[in-house]
Amino acid sequence: MLIVAMNLVAAVAFSQSVIKITGKVTDSKGETLPGVGVKVKGTTLGATTSVDGKFTLNIPDAKSVLVFTYIGFVTKEEAVAGRTTINVQLKEAISSLDEVVVTGYGGTVKKRDLTSATSTVSAKDIAERQPVNLFDALQGRAAGVLVMNDSGEPGAEGTVQVRGPASLSEGGTQPLYVVDGVITENGSSINPNDIQSIEVLKDAASASIYGARAAAGVILITTKRGQDGKPRFDVQYAHQIGQMAHKIQQANSADLRYYRILQNRTSAGLSTDSLNPSYNSDNDLQDLLLGNTSRRNDVKVAVSGGQKGLTYYSSLNYLDDQGIALNSWAKSVQGRINVDYQATPKFKFTSSISYAWKKGNGTDINGSVRPVFDRPNNLRIYLPDGSLTSYLNSKRNPVANALLLKDETTSWTGQFNNTLNYDIIKGLKYTLVANASLKNEEDVFFQPRFLDDNGDENDGSNSLSKRFNWELQSYFNYNKTIARNHSISATLGVSADRSNSNRYIFDGLKKSFVNEEIYVINGSNIDLTGSRTTASTNSTASLFGRLNYNYKSKYLFSWVYRRDGSSRFGPNQKWGDFISGSAAWRFSDEKLMAWSKSFLSDGKLRFSYGSLGNDRIGDFEFLDLVIFGTGNYGGVGAAYLDSKKGNSGIQWENTVSKNIGTDLSFFKDRLTLTAEVYDKTTGGLLANRELPKETGFIQQRVNFGTIQNRGIEFVLGATPVSSKKLTWNVSGNITFERGTIKKLFGGQEVITDDDRHLLQVGGQIGDFLGWKNLGVYRWDASNAYAEDGTRLEPVNVSADGKTAEYYTYNGQVYTGTRRKMSGPAGDLIGGDVIWQDLNNDGIVDDSDRHVIGNAQPDCYLGLVNNFRYKQFNLSFIINSTIGGQVYNDFKVTLTNNSSSNGPALPEAIYGSWKKQGDIAEYPNFVELRARGNEKRNGNSKFLEDASFLRLSSARLTYNVPTGLTKKAFMKSASVFMYGTNILTWTNYTGYDPEFSSSVLTMGVDGGRYPKVKQFGLGVNISL
Amino acid sequence: MLIFPFKNNMKKIFIGIAAIVAISLGSACKKFLDQAPLDKVSLDQFYKSRMDIDAGIAGMYSAFQQMMIGESQFRNRYTHWGEARSDNYMGSGYAGNTEIENEMNSLSAGNTWTDWTPLYITIGRANLNIKFIPRAAEFESQKALVTPQIINDYLAQSYAMRAICYFYVVRLWGDAPIRVEPYLDTAEDPEKPRESSEKIFNEIIIPDLEKAYSLITKNATPNVFYIGEGAICAALADVYMWRKDYPNAIKWFGNLKKAKAPTGKVFGGTSMNDLQPKASWNSQFVTPASSPESIWNIHWDFTKNACACMAGASAAVNNAPIVIDIFLFNQWRADQNTKDIRKKATFDFTKLERDRVWKYYLGAYAAADPTLPAGSTGTYTVAATDRATDDNVYPVMYRLSDQYLLYAEALNKTGRQAESLQYLNFIRVRAGLDPYTAASAEITTNGVIDADKLEDAILEERHIELFAEGKRWFDLVRTDHVIKVMDPIVRQRQVLANIPADQVTGWGSDKRRYLLPINRKVLNSSSKLYQNPPYTD
């Protein structure tokens, strides 16, 4: 690669008469600016300013125009006009209206000329936080973009949802990631420091250029590239420590003993041996397992530069992350090399290589922290000699599990992307993109004998998955301005891609590993029931076009067309067409609006309408498939039809999106406001329909129904203070959204697989289904109802709790007929849960199950503040979601008397009903299930408000004055301290209400890895 | 190495490349998008050879096997359907709602075991075999592999399997939708209404089994893990007994006698000697292929099918959600030293968790304590390490003892008490018990054989002989003994569960509860279905 590039340099010779220009670039305060890009307009000639802000440039023509660009400053053009010394002052950019927004397939548009709903996050925004991954970088930054961050766990990611969940298919709610023009699996393996800008395409007008895969929005990521001039080295090191943000009260040994007494009231007695030290410890398992200090070392190095048409940017990010959970860690190395070579004035060749290596240990606790609470705290963890105990009282030792269980995942990702650009005639550019990526992931699992309940079984498996993907794009871009006022830009192209994936799983027989230092699987110990290979493939072919027209930037129009073909659909359904149109009107440029010029610097109204698609279903779901090998009878491998019936008629999911927006800029961009209203209606939802089971099939992928998502977004940006010494920028965004299910296949109501959610016409995605818990009957006599279903209050209840002197109805003495409520085991009694009897039939049963809440927030917001005082910079981000609920399933399992061993939460131990007359929060433990008091999948008691407000990030930076850095031969230097997840306000009683979940089983907390409160220090040096 | 001779030609070259790329992408699209699956095949590509037939037949049996023994740990419908509602089992400390509902006769539509899906999946695979095996025979080039006899044997098994699955359906839910063709065309309405169980018996179960009998090779030595001539006869006898059509049941018992056991011996079925001998009673469960009594067992191979972890039937690593009913456990344990060899060989009396059924494992008797009555056997043990993770379990579908007792029941019902008693005694004597005489108090009233008492005696014999064989619940329903047997037991269970005495309801008296409710998922998936009363949705 490098050799080729060097040859390219050698092959091109320049021999022109030159004029030498020198100059100096400063900011508004007169400080020199190093690293400013200076280019000769219309050519590839350029230079970069030195440490003292000076530049030297040879130009071919005295009439040339120089373009000065610097991140965070307004780009300035300066005509040479015969001068040889040119000193310029750059103004800091307050508004980003002049920034260029990438629109896909080589298209760009100035932010002020956008006709669509697009949010931009710049490198500068990203640098205000200390993000570990893309999810950190995006959270709270863009309206209409809900980021659920799983931070806390090493290597954890999160989910991004653009404008509500508009699909029921797995992955169908995840946006499409396009990195440097290439469709990428997801954005999680990108070093945030490599990002030049992120564009979130939210409506059809912006996203439909990506057609069939764009319904959930598109996230365009542009990575940094080198600039002409001396090499630039950027080094950043940050060290961060963290602690569990919030602890849950866990039962100690005393709580547990009391709990055992409660549990065993009716049986022969206790089996606690009060003299055995193994049963009389008092550990704090939460502290032992989750109370560790997390540490993260983050080293980022970037080298960039270039000369005479050849530029490069190369970066490396090493991350070593140790979690708060014992022995949970992740390490990664991410690298990127971007090389741009302007071979001739017309021909440009770009090459990008990115690679990532990640390795992490998933301890038991990573999936769910349940094991932390599984073993009673009275059981000893260590023997006196310091060695670990194993199973005690048939409960494993979670500390031993965390330390000794190996569950390592290693992944290797490599992507190689080549782009050829050729300017055919002025304004017409041809681009050919060829991209290939390979991802391998290996999992090694090994459980030593020590962790087995009988101490004799070890267990291991090894699996490898491989995914290879290639993509080819070929397109033309045309730009022309006619008669000064009419600008046209157009794109036309084709693309094709294919991906192949394989998975190889080898499972070892239990007990079969002789030596535990090595875990090979071979003929002698392979477990045939768990070993297999799987493979799949899919392809897409597309044709796309885009046409933009604007008149004086006052009337702007854009049309997009895309035709997509996918191998995922049957012969007659492969192709789909996606069209969108948008228009914008810059009313502030109208003469009518002259009166407002004094305060309204720019005002624009936008409209867009168009269609988008989603094809994210399994491969070959249009065929009736015969499966091999998963069954075996009498030594013969079985073949049978997949229980999922093929559907040759299945088609794209089609989203029609409408958007009205306005962009307003006041007081010379000191205050900007963007407001949008949208309606996004997804028809033909790709979902699994339940087939009548008598067909012998269970499900079938169908175009299932319609969901409508509506929302309003506001983005406000302001610079309340801007002086030489102090600048204050604030930007906030808030989104209100609501989705309604409009239509379902055959009007069918669907209870999701986890038996917790209901999909029904008129309902919302994420509706929780369950029974309303109204408390606990205080006495047996409390189970008394009037005819109309109102519960009666017993007065002067007898000592045995069975009878009352009289009853009251809403405070009045009641003499009418009394009814009793009954459950599966007969009439309910004192200590049973009072369930709402929806149909007032006196029986708590299935028909009383109803929608008791919803997982989606009503509103979410982000607020970013940025202060600069002299050399100091302080920025902080607040984000919040309001409304929406979480089903605290973790708590369910810790309050349900689940088995004779698992301890309960203290609030359940002490808050449970124990005898007649107790006013209790939790029901009587004994025979909890037999009496129907659990309702574990839908008990409204465990449905909690998920609203939170979080100071998610703050960062204080000290920029070393340029004078000092110069002496140390540095371009710039800064030191910073920062914190993430600093403060959270929430009423949620679990670890944290924010976590990612899949669309059909939204908002269920089975015990997520706790959030971590982190603080860090770092240093940034540029050479 | 890149060379740049094209500085001037570049425009043309690029336009050329662009055109070629554009055109080739455009025209190649159709083929490009026409991909075939990599780890499965479409149905069109299947049923083309004898290998495919074998795999399709294995697919059908595999569905049955997974359903009965368990697609995962403790999901053995064999037991949950056949015995969990009876007096044989109750929920353990690890029971969930589903098990408690079975135990307390408080079933709801959400209960896992009320789902008939696996039965219809098996029926679907049988339908597919019936439809496509002839096609596969045509495609197969080596005709010796697909002789009419071979094909007929395969078809016979498919018809019989379909009938047996429908037999489960009507016994458990009553009326049900009928499907005798695979559902392949999406344009066809997949919803079908429930048809009367009478119709299912008359149009599917009986004709299918008779068709199977006509197709199957007679007098062949069967493989015990597949449906052979004997299994078809046994199933027909079972079906006619359920229908209370005793003459036909007797007729098919007669046909069974002519068929061969997996050992190659003709069943005979006329004496105790045709049964597995007393001394090796246990071996018919462990090595059914070498027992003259075996008719049909379900196959399992833990190396390929993983653990046969059956709740209440095999020994698993984890704690099972159902265990032996406490009253039955105490009762059998109390008389463990009687001469009956079976009770102590059925489950472990010493394990008070009541979770160790060891009938399907190889065990041995110790020498008898001399103080015990003559003929008593010593304590019984099964090797401690035996568990389903590394031992196979072959649940019995039909065996000769079951058929003897059904025959005895049929004879009793048709007034032939003396012969009935004879067959009952074959089983009793083989078990080490004394035979009943025509004057035994247990079966007589005023010195005359009482048909009702004899029926009860036969039922009790079946209870002991066939424990953990998936029969007990159906026996109680067939003989209409559910309320008589279960009401007092459910009462005691309710008391045990701390239900106040004034609220104990017992099993209840609503015979409609013999049937299961239709599972909510099943109901939701078809608008043409309705719930079995008195269950509510």
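**Exercise 1. The partners of β33**

Task: Find which residue of β33(A) stands opposite K604(A), then place β33(A) among its neighbours.

Solution: K604(A) faces D663(A) in β33(A). This is a predicted model: local features need pLDDT of at least 70, side-chain atom pairs count only at pLDDT 80 or more, and totals for chains, interfaces and linings use all residues. Residues are numbered from 1 along each chain as its sequence is written, chains are lettered from A and ligands numbered from 1 in the order in which they are written, and side-chain values use heavy atoms, with hydrogens and water left out.

Step 1. Fix the terms. Helices (H or I, at least four residues) and strands (E, at least two) are DSSP runs, numbered from the N terminus. Two strands pair if DSSP finds at least two bridges between them.

Step 2. Take the β29 side. Strand β29 (residues 600–614) of chain A runs antiparallel to β33(A), with 14 bridges joining them.

Step 3. Take the β34 side. Strand β34 (residues 671–683) of chain A pairs with β33(A) over 13 bridges, again in the antiparallel sense. Here N659(A) stands opposite Y678(A).

Step 4. Look at the turn. β33(A) and β34(A) make a hairpin with four residues between them. F667(A) lies in that turn and has a positive phi of about 50°.

Step 5. Check burial. Buried means under 20% relative accessible area, exposed over 50%, and partly exposed in between (1.4 Å probe, protein chains only). Strand β33 (residues 653–666) of chain A has ten of its 14 residues buried. When you inspect the strand, recall that side chains in a regular strand alternate between the two faces of the sheet.

**Exercise 2. Two open sheets in chain A**

Task: In what order do the strands of the four-strand open sheet run, and what is the order in the open sheet of five strands?

Solution:

Step 1. The four-strand sheet reads β3-β2-β5-β6 (chain A), with antiparallel pairing. Its edges are β3 (46–48) and β6 (76–79), each pairing on one side only.

Step 2. Its twist averages 20° from one strand to the next. Axes are lines fitted to C-alpha atoms, for helices over the stretch in contact, and angles run from 0 to 180 degrees between N-to-C directions.

Step 3. Zoom in on one pair. Strand β5 (residues 65–69) of chain A meets β6(A) over four bridges. L66(A) stands opposite E78(A) there.

Step 4. The five-strand sheet reads β10-β15-β16-β13-β14 (chain A), with mixed pairing. β10 (118–122) and β14 (182–184) are the edge strands. Neighbours are turned by 25° on average, direction ignored.

Step 5. Find a parallel pair. Strand β13 (residues 176–179) and strand β16 (residues 218–223) of chain A run parallel, joined by four bridges. Y177(A) stands opposite I219(A).

**Exercise 3. The A–B interface**

Task: How many residues of chain A are in contact with chain B, and what area do the two chains bury between them?

Solution:

Step 1. Contact means heavy atoms within 4.5 Å. By that rule, 95 residues of chain A touch 82 residues of chain B.

Step 2. Buried area is the accessible area (1.4 Å probe) that two parts lose on being put together, summed over both. Chains A and B bury about 7,500 Å², 65% of it on carbon and sulfur atoms. Y633(A), K693(A) and E694(A) supply 12% of what chain A buries against chain B, more than any other three residues.

Step 3. Count the salt bridges, each a side-chain nitrogen of Lys or Arg within 4 Å of a carboxyl oxygen of Asp or Glu. There are two between the chains. One of them joins R520(B) and D755(A) at 3.9 Å, N to O. On the side of chain A that touches chain B, strand β26 (residues 532–551) gives the most, with eight residues.

**Exercise 4. Two residues, two settings**

Task: Is L691(A) buried or exposed, and is R478(B) buried or exposed?

Solution:

Step 1. L691(A) sits in the loop between β35 (686–690) and β36 (699–703) of chain A. It counts as buried because its relative accessibility is 0%.

Step 2. List its contacts beyond four places in sequence. They include K645(A) and F697(A), and also Y183(B), P190(B) and S525(B).

Step 3. R478(B) belongs to helix α17 (residues 472–478) of chain B. Its relative accessible area is 5%, so R478(B) is buried. Among its contacts beyond four places in sequence are W242(B), E409(B) and R462(B).

Step 4. Set R478(B) in its chain. Chain B has 19 helices and nine strands. Of its 537 residues, 59% count as buried.
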